[in-house]
Amino acid sequence: LSSVALSCMAVKQVHYTTKLPPQPTPRFQTISRCPILGEHFNYTPNFWNRYNAKGLSKVLSGGKVVRDYGVCIWNDETGKLDYYIGITKDDANGDLRETHTLRINGGLYALFATPPAKHSDFVNTIHKTWNYIFNIWLPQSEYRFAGGYQFECYVEASRIYSEDICIPIIKNEGEAL
């Protein structure tokens, strides 16, 4: 399948006027290279709604409850964000037609947990957390965005409206890790 880019602006360019509650310092984790199987769509919240309403996580996993991943990368060629939803290849034991594999490079990632939210405010909480990461935490930290895929993950079946957002990072020049 060819990739379809989102029609919205990159997350790092979105500005919100509402304040997010104080954020904890992120956890840092070295993540191994990770293949994700999934598909793509035009508008991220609608994509998640379609994915969840059709139970595609269980379709891909062969009926198991697994962690779902939303993976994004800025597409310089189109000037838009490419966004994919899927599960890890290790969990993929179901119907994999019309999916393809993304290979997420390993490396150092900052992991942010979104504050718990109500279902009605979950999307807004996610947007505010992305805004916090790129416009407050990252500029004030000793790290910079490493480029490449960023991803968010959660378990839809849990009905806990919080997720992890994972950003690839590297230490700023002149600072040892």
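Visitor: What relative accessibility does valine 123 have?
Guide: This is a predicted model, where local features need pLDDT of at least 70, side-chain atom pairs count only at pLDDT 80 or more, and totals for chains, interfaces and linings use all residues. Residues are numbered from 1 along each chain as its sequence is written, and side-chain values use heavy atoms, without hydrogens or water. Valine 123 sits in helix α3, residues 122–140 (helices are DSSP runs of H or I, at least four residues; strands are E, at least two; both numbered from the N terminus). Valine 123 counts as partly exposed (buried is under 20% relative accessible area, exposed over 50%, partly exposed in between; 1.4 Å probe, protein chains only), because its value is 38%.

Visitor: Which residue of β4 stands opposite cysteine 72?
Guide: Happy to trace that! Strand β3 (residues 68–75) is largely enclosed by the rest of the structure, because 6 of its 8 residues are buried. β3 pairs with strand β4 (residues 80–88) in the antiparallel sense over 7 bridges (pairing takes at least two DSSP bridges). On the β8 side, cysteine 72 faces glutamine 150; in β4, cysteine 72 faces tyrosine 83.

Visitor: What is the centre-to-centre distance between phenylalanine 47 and tyrosine 83?
Guide: Phenylalanine 47 lies in helix α1 and tyrosine 83 in strand β4, so the pair ties together parts 36 residues apart in sequence. Phenylalanine 47 is buried at 0%, and tyrosine 83 is buried at 3%. Their rings are edge-to-face with 75° between the planes (ring centres of Phe, Tyr or six-membered Trp within 6.5 Å; planes under 30 degrees apart stacked, over 60 edge-to-face, the rest tilted), and the centre-to-centre distance is 6.4 Å.
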